[in-house]
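Biologist: Got a minute to go through a model with me? I keep running into labels and want to know what earns them.

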Amino acid sequence: MEDAYIVAYGRSAAGKAKGGAMAHERPDEVAAQVLKGVMNRVDGGFQPAMVEDVIVGNAFPESLQGQNIARTISMLAGMPESVPGQTVNRFCSSGLQTIAIAANQIRSRQADILAAGGVELMSAVPMGGNEPTNSPVLQDEDTGVSYPMGLTAEMVAEEYSVSRKDQDSYSVQSHQRAIKARDSGRFDDEIIPIDVNSVSYDENGPVVTKESFRTDELIRPDTNLETLEELPTIFKAGGTVTAASSAPLTDGTGFVILMSGNKVKELGVTPIARFVGYKAVGVDPKLMGIGPAYAIPEVLELTGLGVEDMDLIELNEAFASQTVATIREAGLDTEKTNVNGGAIALGHPLGASGAMLTARLLAEMKKRPASKYGMVTMCVGVGMGAAGVFEFIRD
Amino acid sequence: MTIRKATVLGAGVMGSQIAALLVNAGLRVKILDIAGDRDEPNEISKKAYDTITDKKRPQLFDLSFASNLTYGNFEEDLTGDDGTDIYIEAVKEDLGIKHEVWDKVRRTAGDRTLFATNTSGIPIASISKVFDDSEKKRFFGMHFFNPPRIMKLVEVIPYANTSSDALEEVQLFLEDVLGKGVVIANDVPAFVANRIGTQTMNDIMFRAEQQGFSIAETDALTGRNIGRPGTGTYGLVDLVGLDIAVTVIRGLQQIPEEKQFFHDTKIAGTLMEKGAFGKKKKQGFYKKGKEDYLVFDPESNDYITPDQPEFHILGKFGRDLGANLDAVFNAEDEAGRFLWETLRNNFYYSALNVPKAASDYADIDRAMVWGFNWKKGPFQLWDMMGFERVKERMENELGELPGWIKKRDTPFYSESDSIERVTPVSEFTDSEIWNREDSLLSVAHSDQLLLKLQSRNNIISDDFAGDLIESIDLLENEDYSSMVIYAEGRHFSVGADLYLMKKMHEDNRVEEIVGPAIDKLHESFNRLKYALKPVVTAVYGKSLGGGCELVLHSPIVVAASETYMGLVEAGVGLVPSGGGLAEMADRILSTGHMQNDKQKTMTEVMTNIAFAKVSTNAHEALKYKYLRNTDTIILNAEKRVEIALERARYESETNYIPKPKVNYTALGRDYKALAKGQLDAQRTGNFISDYDYEVTLDVAHVLSGGELPRNTIINQGYIQKLEKERFLTLLQNDKTYNRIKHMLETGKPLRN
């Protein structure tokens, strides 16, 4: 079997959906900017025209994100028409799923060079899509397929006894870690600045200027336990989940370039990490958030590794309740998990998160010379979980 | 001059509420206040603007009206080149400040501009000193009552120099454009309403203290039983503000001839010292406890739970004000005598104020009814109690009566007299076709039918449904051009007869009796909707349940802005079944909108119905789709019948096209599953009860057209059948029965 290597990664800064930095942007255009930026980072004899497919994850591939956005992105990124594109949807693990698809294509020698990632501008397409739907049959069977994500977070909190205090404390920690990382330039390596439109208004009407967007804008440095304790629960009366212990609506995109071992050698490209394995699992839709606690043991079994082998973990924080429950159930080391904060502070642009977390994982592993194995994992809507393992390559 | 542009001076609570009222009436309004510091010169007026246009609790009927409101400051924005037709000043009650502001205004104002000062206490003549002779003619007092959106009374106070032109113009504006009731008051302290109202409140408190009636006892006696607000005397002072009442009392005590009518009272004195001015200070004569209201106890100097007052005369009171007054007149017990003296002293003082405060006694009645929410004014009450016997007894007890009363030997009003100023409906009607228990049908302007809903509580009864069908038969088959439907009273109609529904459940006759009744209701509303000639419904106040459904089926509606519409059946565990759901679905499905828009709007409608949401004004009803853009919204509720007749006439003369009957695609099982998912999440999240879930799911079922597969064509009649089926099933459910029972017993919804 051929090995698949990540040879470049990068993500946009995370924007606040609705009214944030990407409020005036199109998803295909920001994704193309980041993909271009990532391709620029590949050294050796690499050329964008060599990419054999662009695989893009997206959780709501319709309207502005529709029309097979991957194809539009590849063309906008300046790739020749010979480079095709496919859009993949597994909700919140879409951006990791695309990396796994690309890696497995390379491993089975179907391709040598692929671009994979994800994009989601939650400002562009609302959660649930523009025309939400629900299966009448599954609804009648009380499967919980239509449960709002926040309600599943409540169910996880109840089932796994994650208290309000646990959730609030965890959320505060997420912000504290994120602000520390941001202020010390910890994210500079993974972020690819993008040009965005800035619109102001004067007496003649709108004034449009270009700005460079390069800093995650959702972190709230002033977050503290006292304020959080005051917040109302929004998904269940008398529940425990609040807006602050949920990931905010986010705009973002991220990509990696994958290459076969042969091509790495042939083009003289420096490999960054080797793809080790990926697993997606299904769980009770009502307990959606516990997905990663099931995906993690499966991917470890697949790769023959133990949880103690993981030197760094990016566990997507859709909700504090499911993050805490997953940490407990899967026995994760909190000192190795989300060391620079997570989605509660940094945001969670659904289909893009997998690729953005991969970029964050690899950028941090680069700074930790002793680290070898890293994991990206997340819960996935309608009761799923996913996890992927990477091995950092050092000379 | 037609007043279309106004500048409000002073952006305090009153100023901003007046500004909002004017904007709601369609005027272009500027609100100004003193300039703040250099960085933020409009700080104060901007704050008022923000309050008026607050997204959550706007004072505007519709936030889009905000484009007719601007703010600024006295230094920069009194430029005079904005064509302001009227300046309304509502700055602090301080003569110096008022002079300063008006002096600035007059320098730039146009030579036809009107100047109105909103004051409750400062003599108009003294404020007028800053004006030159021409300006003085255009200056007058204009006293709004709080809150100005709701309170009908505006006292207009001319003084020696005010021209009759200016006075006529402003009266017309206040009545026709703002829909207010104007009382012309003389320039005497406290004008009319506050003078009479404060005197009687002060008199009650004084005698209550003398005779040992407690606060709670006094309020139990002096509320609705005698046609005054249910708060009673002390409760009302808490609402108005004790400090304000005391200011008026002290002002009048300074005048030698008034001094004898205004007394110092002990409890008020104590509370004034404590700063307990009432509601705005969260404590006054009353204070809100954890569950109930506590009352101030002067002995312990603390708030205590009040005892339930027990008086012989309270047992004699009922809903009939005339009978209550009779009981008061004949009472021999202490409390009864206390009430007699209350009314007697009020009658006497009111009589003394003609023509001192108001030239006409009817104006005093208007002032008290419109400004203090009395059911009847003093002279009306006097008549009801018996003009002669009251006069005689007053003379015996008080001595000499004012000259004009002494001379008078007939009651103040004849049977047909009304204190209202609008043209009564009887003016338009030529002949009566029928006068039945639930409806009155007459002919207006010789060829228009006028159908009045007059059932008990204006409920939409089975008989009324029959009368409606019959009237539309007449309209369509005889030489009538159009028809107007209306009702009188504070509310158009609060819906169906819940007692009847309860009884049908108890007697197990739901299918037998209610089923055919629904069919008849559907038939009558369909006849209304698809009538061949224009039918206009004039609506005002609450229009709920079946009342709302009648309005929904009216091809054209003239609604007063104070119209409160809602399909509230879910509150008693039912679904609207007078075609309400079918009509709402029809309004959404017959549009050419995209499927997703239809789904979204349907969910909004479902949610409004599930939570029994009632619009807070007619413009909001437009947002809820209970009214349409083709309907007319007017500010002056009392002109609704007149305007409805005009609208009906206009429609009949401009090729009225009856509503078309259309088919459309049902949202079907796809939408129902979506709604079900949403409701399931709300139930699991403890936001709604199990039975709320069931009832709302039934609403969703009907709106969807049931379990139909994609791309199935239906029509209004099909949805009406579903409505009926769900209604009959729900009405036979014990949980619905319990909701109805609870509502009838407590007036509040039961969430079982």
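Modeller: Sure, here is a chat about the labels and the values behind them.

Biologist: Start with trust. How do you know that chain B is worth discussing?

Modeller: This is a predicted model, and on a confidence scale from 0 to 100 chain B averages a pLDDT of 94, with 100% of its residues scoring at least 70. Within chain B, helix H10 (residues 242-253) is lowest with a mean of 91, while strand E15 (residues 482-487) is highest at 98. For the complex, the predictor gives an ipTM of 0.90 and a pTM of 0.87.

Biologist: And how is chain B divided?

Modeller: Into domain 1 (5-184), domain 2 (193-407) and domain 3 (425-661). Between the C-alpha centres of domain 2 and domain 3 of chain B there are 41 Å.

Biologist: What makes Ser446(B) exposed?

Modeller: The cut-off for exposed is 12 or fewer other C-beta atoms within 10 Å. Ser446(B) has 10, so it is exposed. Its place is the loop between strand E13 (439-444) and strand E14 (448-453) of chain B. Ser446(B) also has a positive phi of about 65°, though it is not a glycine.

Biologist: Why is Ala612(B) called partly exposed?

Modeller: Partly exposed is the range between exposed, at 12 or fewer neighbours, and buried, at 20 or more. Ala612(B) has 16 C-beta neighbours inside 10 Å, so it falls in between. You'll find Ala612(B) in the loop between helix H23 (595-610) and helix H24 (618-623) of chain B. Its phi is positive too, near 50°.

Biologist: Why point out a positive phi or a cis bond at all?

Modeller: Because most residues other than glycine have a negative phi, and most peptide bonds are trans.

Biologist: Then which peptide bonds are cis, for example the ones leading to Pro147(B) and Pro355(B)?

Modeller: The bond from Asn146(B) to Pro147(B) is cis, with omega near -5°, and Pro147(B) sits in the loop between strand E6 (139-144) and strand E7 (153-157) of chain B. The bond from Val354(B) to Pro355(B) is cis as well, with omega near 0°. Pro355(B) belongs to the loop between helix H14 (334-352) and helix H15 (361-372) of chain B.

Biologist: How do you know that the buried residues of H13(B) line one face of the helix?

Modeller: In helix H13 (residues 321-330) of chain B, the buried residues are Asn324(B), Leu325(B), Ala327(B) and Val328(B). Looking down the axis of H13(B), these buried residues fall within an arc of 155°, so they line one face. They pack against H14 and helix H16 (378-398) of chain B.

Biologist: What makes a set of residues a nonpolar core?

Modeller: The residues must be buried, of the listed nonpolar kinds, and joined through C-beta atoms within 7 Å. The largest such core has 137 residues, and Val256(A) and Leu258(A) have the most contacts inside it. Helix H12 (residues 353-366) of chain A gives the most to this core, with 8 residues. Leaving out residues up to four places away in sequence, Leu258(A) touches, among them, Tyr5(A), Ile99(A) and Leu114(A).

Biologist: And which residues does the second, separate core include?

Modeller: That core has 122 residues, including Tyr234(B), Ala362(B), Ala367(B) and Trp374(B).

Biologist: Last one: how many residues does the contact between the chains take?

Modeller: It takes 16 residues from chain A and 16 residues from chain B. On the chain A side they divide into 7 nonpolar, 7 polar and 2 charged.

How values were computed:
Residues are numbered from 1 along each chain as its sequence is written. Chains are lettered from A and ligands numbered from 1 in the order in which they are written. This is a predicted model: local features need pLDDT of at least 70, side-chain atom pairs count only at pLDDT 80 or more; totals for chains, interfaces and linings use all residues. Helices (H or I, at least four residues) and strands (E, at least two) are DSSP runs, numbered from the N terminus. Domain bounds come from an automatic or database domain assignment. pLDDT is the predictor's confidence in each residue, from 0 to 100. Two residues are in contact if their C-beta atoms, placed from the backbone, lie within 7 Å. Ala, Val, Leu, Ile, Met, Phe, Trp, Tyr, Cys and Pro count as nonpolar, Asp, Glu, Lys and Arg as charged, and the others, Gly among them, as polar. The arc is that of the directions from the helix axis to the C-beta atoms.
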